[in-house]
Structure formats: C-alpha cells, structure tokens
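Subject: Handing over the structure

Dear colleague,

I am passing the structure on to you with this email, and below it I have set out what was found. Please open it beside the text as you read.

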Amino acid sequence: MLKSQQTRCTYDPAKASLTNGVIQIDFDNEKNTWTASWQGEPRLMQAGFAFEANGERWNHTQAEQQPEAQPAVQQTADDVYGEGIRCTVTYSYANGLNAAMEWSLYDNLPYFFLQLSVSSPDGVSTRYLAPLVLNSSDGARFGMKLERTAKALYIPYDNDMYETYGTYTIAAARESSEAGGIIDPLNGPGLILGSVTHDVWKSGVAIEGMNNELRHLSLFSGMASVTTRDTQPHGLLQGESVASARMFVGFFEDYRDGLEAYGAANAAVVPALPWNEGVPFGWNSWAAVGTKLDYEVYTGASDFLKEQLQPHGYGAGSEVYINFDAFWSNLSKEELSEAVRHVKSNGQKPGIYWTPFSYWWRDLDRVLTSGTETWTVRDILLKGEDGEPLPPIDGGIPMDATHPYVLGEIDRMMDQFAEWGFDYVKLDFLTHGAQEGVRFDKSVPTGTAAYNAAMKRMADRISPERIGRPFFINLSIAPLFPYCFAHSRRISCDAFGHIDDTAYMLNSLTYGWWINDNLYRFNDPDHTVLYESFNAGPSSEEEAFSRYLASVITGTVMMAGDDFRKPEARDRAARLLTNPLLNDIAAKGRSFRPLLTDAGEGASDMFMLMESDGSMYLAVFNYSAVNAAVKVLPVSTLGLTEGAAYTLQDLVSGTVDSLSADYQIILRPAESRIFHIRTAGL
C-alpha cells in the first residue's frame, strides 16, 4: 500500500484549493482552469482539459463560466494509495454536454490523479479525452526552466522494428505512449505523466514547443498513430457517460523516483502476474540457428548446459529452461516429444514459441475449420473501415483478436503446449492483436479491450490453477501496456552479441528499468549471444562479456543464445557464464538503475543497484567497438560521501581498491566492468 500518515488532505473552500502537504491545487472558476504546485512551486499553471464528443472537439474555454461554483469534495476510502480527497468539478456546455473533471490527492504522496468524464442524456461517443491540457496561447504555463538540459521523455508503445526510448528537445518532442513527461536528465527534476488504467484506452503524452518554449502539453486517452502501429482511428467509446483512463501526475526532484513511483502506482491497481519460481536461466534457439532449428541443436544445448554450465553455477539455484523459438515446426511430432523427454531427463524444463495474432502467409482465401465452423483466412483478419484486411506489420497481417477462430486457436494451442509437457511459452508479435480496426465482436470497442480479453484468455488457459503447475509466460515483441498477463517482457527488440546490440538493449534499460517487478516480474534482455549469432559474425571477448553483463543487470531472463555445436561458443560460455558472483546478481531478479545522464536515444554507460546493507553494485560500459574510453566513477552522483572511505571490488578480477573521491578507469573497446562498492571496514 502506497500510504503515509503525516499530513491529511484538505480542501479550503475560501481559497478554492486542495492540498495534501506536498501538492496544492488551486481552482480558477472564472477561467475553468487549475494550477498545481509542489512544495509551494507552481509547476502546472492555468491547466485545462479537452475532449471529443459526437464528432466535435471541445475544451475548457467553451464551458459555461461558474465563478461561484465549488468542487464536489469527497473524502476517499482507504484504498490502494492510502487516504485522501477526491474533488469533482462539472462543467456545462450549451449543447447539453457535461464534462466532469476529477482530482484525487492522497496523504503526502508527491503525485495525484486526474480523470475526465463526458456525459449527455442523449448519449456520448468519443475517441479522445484529455484531462490535462496546457496551451500557452490560452495563458497556460509550465513552471520548470526549459533550458538546454530540459528534455521531453519518449516511451514507445512497443518494442518492434528496433524502436528506442529517448529524450528530445522540447521542439523535437515525440508523442509518447501511455507515459512521458518533461525531465532534466542530467540534474534530475522532472514532471512524470501517465495512465494507470489500461482496460479500453490507448493513452499518450503530447508535447510541442519551439526554442525550448513549451507551446502545448496534453495527457490524453485516444492515441492511435504511427507510434502505436495503427492505421485506423482509435476505437469509439459510447454511452451516457464515458471516462478517460485515470492519469498520474507527479513532479519529482529526481525523475527516476518519478518513473518508479509511476510503475508502483500501476502495480497498486493491477499487480504484475506473480511468479515465485526464481529467475529463469537457460537457452533459446533463435540467435543460435534462426530458421534452421532441429532436434540435434536443441538437445545438444540441453546436454551442454547440464554438463558444463549448471555444475558451475549457471542457473544459481533457479529453474533452467531449454526453449524452442520460431520454426520448432521443423521437427516431427515424434522428435518434438522426444526433445521434451530429453530435456526433462536432464532436470530442465522445455519451452516453446507462438505468434497468436499474426498471419504470415498471403493465401487469404484458404479455408479454416474450427469445430463445426468454417472460415477463410480473410474472415479472421482485422479489417479497416473499408472492409479490407489491415496492412502487414513487420511482415505479419493482424488477426482479429475477437474472432471465434482466433480465440479457439488460443485455447487449442495453450492446451496443446501444456499437454505436450512444456513449461514456458514465448509469445511474439503481439502488437498485431491490439490494433484498432473493425472487429468480429462489435461489443469490443477498442484494440486495447480486444487485447486485454485475448491475453487474459491465454494466461488463464495455462494458469497454475488450471494445469496444476507453474507455466512461465514471456512476451517478446509486445505492447508495454496492458501488462498483467505475462511474467516477463523483452525490454527491447532483438539484441544479439556485438557491442551495438548491447548498447541498443541498454537504451531500454536506461529508460525502462522501473518496469521490472512493477509491470512485469522480470525485464527480459533477449538471448545472450557470447560468440556468434546465425545472422552476424563472431564477437570479441570484450563484446561477449559486455553482452552477458548487460543481461545480468537487466532484471532478468538469462537465456544463452549460441549454437553450442561450435567449439568456440562452448569455450566462451564455459568461461563467462560460470561466474558465481554475477550469476547470483542475475538471480536476484532486480534491474539496475541508470545514473543521471543525458543519453538521448542512446544508453547510460553506468548502472547501479543498491543493496539493503548500504553497499552497491556498479556496472560500467564502453559502447565503442574501436576506441578505448576513460570513465569516471562519480562519487556524489552515486550517493556516496566525498572523502569517506569505501572499497571498490572488481567482481571479475577480484582486485580491491580504495575509493574516496571520483575514480577513473580505462576501458578497452567494447569492454565493461562491474564493481561492488562498500563502506571500508565492513
């Protein structure tokens, strides 16, 4: 429970203000706006709202003025955020529409929640509700200096097509999915915004400006764009009253605290899918052999892990999985059955792969049968408003996640995987199932609603309560939200074994470490390639260790990704994957936090993990494949006391040095190191 008992929320009708000891919200009923201050500093000034209703756009400036009106104030119950106050102001429009803005503050929390509802006795249809809008043209202002260090935070909708997180100048801001904000990545302060309910809407954060001047900021429900892979408008929500997603608004002296608070605020509403079996270790076939998957490489990997890695600490007491990726259909049914038996005889668990919402061929008139029903491929595809199937995304045509055939296949495949003895499934290309379009089931209004229902159906079908054993669910290419249907999600797109792969994957950790154990139990760093993937040449020794270390600090799902029929791959894995200290860190299942840095579309080069005893781990990377790099370990940025005595232990070489001031190290091209820092004498 996110709760404090120090200062109670109060509403002062004389001042028309609401406070919780940290935040104060002042209402201006003549302008239909409000101002939010943190610790006495105004940050959102003269904010309003906007919405679409029955095909027309409206905003707060068009509502009837009500200078004497007071918000409806309600003391909230002791819910997941603690105790607080909810204030609602209803705005009337000449056409009979009503817009109700709701503010919820909780005792001492540095964030509050907004929600906008639009209603009419004749009914409302809408694709867009924005509870927070700042337009400088209306007199609204943002109370943070937008100097060169202030950036707009971008969070992608999914991890397909080598999408990256990033920070951008205000003038170059990108529309961010579900969450975003304005931050100072070098110094820390920042405004964090985002949705905390994800049942029907796709939501977003829009920022526009020029020359570090903020012209527009909005937090809205109804995002459907290139960012979300959509080619159709957001689904239409209808009823006597329609509400936006509930929105998180917080200002923090360290934006990293804000993103962690945002993740925890989501988890307080809908927790991550629980997993009590430890961090998954093992092997995955994709990087090793790609489409050339066969029985030999699969069972050979199982034997190699059992004989050469597990006896020396790989697995660290967790379950070890040997996972088929795509093209497991290369094996006959008999080979598949024998492969499962072989893995289990080695004391490991088998895993498999599926793409439930993507159709990969172009025979749209092919006949499909499900029970007594007959369909064509065209029937089961998601349609546009013109009645034609949607265009492919990354090669796959989106299927309709509400179609009876698709739902029947979910049941059949999940049942089959469980019956065949698998204990792990990697689900891929899931954005296809969340696309906006014309669905078979007209009662499902949006892509998010369809995705929620289909993903819940999958998770329920292989739940421990139903099949009598744990079954790990991993998402590969997938939306970040909704999140409660899997134990892990790959934090980035495919990452192989070279230093640019490591840097690419760590971009996602730089901005997405907070996802771990909030939205998903584990961040997944993808297959850990140490020698050579099927689609690239061999990596250097430094690249290999950096790729492994990146997986250690991500959260993690530790899947080796080499073809162990190659002697070089076996040798390197036997040397790198058997460090007991690093495997123990990986087995903690915790993501390292980035140091404050302006990484832009890149990655932080330093990540830290605090321990309960006051010590910390620090990982440092050189992302250049050709140049050595001097790195300075910054004592104050690490939260250490300048001049105090600390020890600095290299967890690979074992060397120990003293640390009392900024400490300089030199890294070879593509090299990385990890240190344990403790107070001297402890």
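Helices H6 and H7 are roughly parallel to each other, because the angle at which they pack, about 25°, falls under the 35 degrees that serves as the limit for that description. Please keep in mind, here and in everything that follows, that this is a predicted model. H6 covers residues 404-420 and H7 covers residues 447-461, and their axes lie 9 Å apart; the crossing in which H6 passes H7 is right-handed. On the H6 side the contact is made by Leu 407, Ile 410, Asp 411, Met 414 and Asp 415, and on the H7 side by Ala 454, Arg 457, Met 458 and Arg 461. Sorted by class, this contact of H6 with H7 consists of five nonpolar and four charged residues, with no polar ones.

H7 also leads to a sheet, since this helix lies across strands E24 (349-354), E29 (424-427) and E30 (472-475), and runs at about 145° to E30. These three strands belong to an open sheet of eight strands with parallel pairing, whose order is E32-E31-E30-E29-E24-E23-E22-E33. Its edge strands, each of which pairs on one side only, are E32 (522-524) and E33 (558-560), and from one strand to the next the twist averages 25°. Within this sheet, E22 (residues 281-284) and E23 (residues 320-323) are joined in the parallel sense by four bridges, and Gly 282 has Tyr 321 as its bridge partner in E23.

A second pair of helices is arranged in another way. The axes of H10 (residues 541-552) and H11 (residues 567-576) come within 11 Å and cross at roughly 50°, and H10 and H11 are therefore oblique to each other. Their crossing is right-handed, and the contact is made by Glu 541, Ala 544, Phe 545 and Tyr 548 of H10 together with Arg 572, Arg 575 and Leu 576 of H11. The residues of the contact between H10 and H11 divide into four nonpolar and three charged, with no polar ones.

H10, too, lies across strands, in this case E36 (616-621) and E41, and it runs at about 50° to E41. Both strands are part of an open sheet of six strands with antiparallel pairing, in the order E34-E35-E36-E41-E38-E39. The edge strands here are E34 (593-594) and E39 (656-659), each pairing on one side only. Between E38 (residues 646-650) and E41 (residues 672-679), which run antiparallel, there are five bridges, and Tyr 646 finds its bridge partner in E41 at Thr 679.

A hairpin is also worth a look. E26 (residues 367-370) and E27 (residues 373-376) pair in the antiparallel sense over four bridges, with Trp 375 of E27 as the bridge partner of Leu 368. Two residues stand between the strands of this hairpin, and Gly 371 takes a positive phi near 65°.

As for the whole, the secondary structure of the protein chain comes to 12 helices and 41 strands. Taken along the principal axes, the C-alpha atoms of the chain fill a box of roughly 80 × 75 × 45 Å. The radius of gyration of the chain is 26 Å, which agrees with the value near 26 Å that a compact globule of 682 residues would have.

With best regards

Key: Residues are numbered from 1 along each chain as its sequence is written. This is a predicted model: local features need pLDDT of at least 70, side-chain atom pairs count only at pLDDT 80 or more; totals for chains, interfaces and linings use all residues. Side-chain values use heavy atoms; hydrogens and water are left out. Two strands pair if DSSP finds at least two bridges between them. Contact means heavy atoms within 4.5 Å. Axes are lines fitted to C-alpha atoms, for helices over the stretch in contact, and angles run from 0 to 180 degrees between N-to-C directions. Angles under 35 degrees count as roughly parallel, over 145 as roughly antiparallel, 65 to 115 as roughly perpendicular and the rest as oblique. A crossing is left-handed if the near helix is turned anticlockwise from the far one by less than a right angle, and right-handed if clockwise. Ala, Val, Leu, Ile, Met, Phe, Trp, Tyr, Cys and Pro count as nonpolar, Asp, Glu, Lys and Arg as charged, and the others, Gly among them, as polar. The radius of gyration is taken over C-alpha atoms; the globule rule is 2.2 Å times the number of residues to the power 0.38.
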